[in-house]
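Hi,

Here is the structure I said I would pass on to you. Have a look at it first, and then read on for what I found in it.

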Amino acid sequence: MHSHDHGHDHSHHFDTHNRSFAIAVLLNTLFVVIEAVYGLLSGSLALLADAGHNLSDVLGLIMAWAASWLASRAATHSKTYGLKKTTILAALFNALILIAAVGGITWEAIQRLTNPADVAGLTVMVVAGIGVLINGATMMLFIKGQEGDINIRGAFLHMAADTAVSVGVVISGIVLMYTSLDWIDPVVSLVIAAVIFLGTWQLLKDSVNLAVDAVPRGIDPAAVRQRLEGLPGVRSAHHLHIWALSTTENALTVHLVKPDPQGDDRVINDASELLAKEFNIQHTTIQWERDDCECPNASYC
């Protein structure tokens, strides 16, 4: 058996986002307080619903921040991969928290539809306008990092959804200022719930898949097998397993049938390079087999 492991240092990746997380948590905590206070004073369920959602975002941001920090810690004797998988757990818990928030907002909005309350439209509009600025600025902090990391993508999606929701609440405030349509406030709350749910669903699916060691989204096992079988001297590939070590790092183990041992080291290096470059798989373990029927578990023997 030959194991090849790239010595990637991802501590810089996590340190880069420390400032982003700190700013995001500070701004959103401040905004939660503003929304909650003025939501109670104005009687706006839309503001209170968004305040509850933003509170869950603050908790989610703290969780994602903590996971990013833990993932950057060095491996230990008992934790040979370190704590990288905490980023996956953070993404999963973030998704579950948001789904729960959707249920609470929806239930309260339905109750308000049958019993509308007077709402101060100007207050709703001004507070939500502040939210557009804060959430939009926070979203931009994570716009780059979210492309290849579902932990960061969770933070980005929360902020993107919040920005859209705040715009919706501004519209609700404008309508309330010039009409007597009290039902618009719970309707906007239902829209908020729908936006949160739609933005969270893919994150939930991705994080569950990674948590159960499914093949990460964007990696085609058939294409990986084909590329490995195209390496010099390799006759076939089997027992191929691909999973996520964290929200940014992937691993692979495979048995390669290569009758001629000559050039084994070169093929190992070629395999590791192509897997990292083409499939974002950084940690590769390859077991050689010299005969098609050498592996006792090979299905074709």
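Let's start with L92, which sits in helix α4, residues 86-114. Keep in mind that this is a predicted model. Is L92 buried or exposed? With a relative accessible area of 16%, L92 comes in under the 20% cut-off, so it counts as buried. And what does L92 touch, once its neighbours within four places in sequence are left aside? The contacts are L204, S207, V208 and A211. Take V208: 116 residues separate it from L92 along the chain, yet the two C-alpha atoms are 6.4 Å apart. As for the spacing of residues along a helix, an α-helix has 3.6 residues a turn, so residues three or four places apart point the same way.

Now for the helix called α7. It covers residues 184-211, which makes 28 residues. At 1.5 Å a residue a helix of that length should span 40 Å, and the end C-alpha atoms are indeed 40 Å apart, so the two values agree. Still, α7 has a kink of about 30°, and T200 is at its centre.

T200 turns up again in the cavity. How many cavities of 30 Å³ or more are there? The count comes to one, and the volume of the largest cavity is about 40 Å³. Its lining is made up of H53, L98, L157, H158, A161, I196, G199, T200 and L203. Two helices, α6 (150-178) and α7, each supply at least two of the lining residues, and α7 gives the most, with four.

Past the end of α7 you come to D213, with a positive phi near 65°. D213 is a residue other than glycine, and its place is in the loop between α7 and α8. Its relative accessible area is 39%, so D213 counts as partly exposed, the class between 20% and 50%.

There is another case of this kind at N280, also a residue other than glycine, where phi is positive and near 55°. You will find N280 in the loop between α9 and β4. At 37% relative accessibility, N280 is partly exposed too.

Next, the nonpolar cores. The largest one has 20 residues, and those with the most contacts inside it are V224, L228, L252, V254, L256, L275 and I281. Which elements supply at least two residues each to this core? They are α8 (221-229), β2 (236-244), β3 (250-257), α9 (264-279) and β4 (283-289). The most comes from α9, which gives six residues. L228 is a good place to look around: not counting residues up to four places away in sequence, it touches V234, L240, V254, L256, A271 and L275. There is also a second, separate core of 19 residues, and V124, V127, I192 and I196 are among them. I196 is the residue you met above in the cavity lining.

One more residue to look up is I286, in strand β4. I286 is buried, with a relative accessible area of 1%. From I286 to L240 it is 46 residues along the sequence and 9.5 Å in space, C-alpha to C-alpha.

Going back towards the start of the chain, helix α2 (residues 18-42) is worth a look as well. Its 25 residues reach 36 Å from the first C-alpha to the last, close to the 36 Å expected at 1.5 Å a residue. Which residues of α2 are buried? They are S20, F21, A24, V25, N28, F31, V32, E35, G39 and S42. Just after this helix, G43 takes a positive phi of about 75°.

Finally, the whole chain. It has nine helices and four strands, and from the N terminus on the elements run β-α-α-α-α-α-α-α-α-β-β-α-β. Of the 301 residues in the chain, 47% are buried. Of the contacts with a separation of 6 or more, 75% are between residues 24 or more positions apart.

Have fun with it, and write back with any questions.

Cheers

Notes. Residues are numbered from 1 along each chain as its sequence is written. This is a predicted model: local features need pLDDT of at least 70, side-chain atom pairs count only at pLDDT 80 or more; totals for chains, interfaces and linings use all residues. Side-chain values use heavy atoms; hydrogens and water are left out. The expected span of a helix is 1.5 Å times one less than its number of residues. The bend at a residue is the angle between axes fitted to the seven residues ending there and the seven starting there. A nonpolar core is a set of buried Ala, Val, Leu, Ile, Met, Phe, Trp, Tyr and Cys residues joined through side-chain atoms within 4.5 Å. Buried means under 20% relative accessible area, exposed over 50%, partly exposed in between (1.4 Å probe, protein chains only). Contact means heavy atoms within 4.5 Å. On a 1 Å grid over the protein atoms alone, a cavity is a set of points where a 1.4 Å probe fits but cannot get out, and a pocket is an open set with protein on both sides within 12 Å along at least five of seven lines; lining residues have an atom within 4 Å of a point. Grid points are joined across faces, edges and corners, and a volume is the space filled by probe spheres set on the points.
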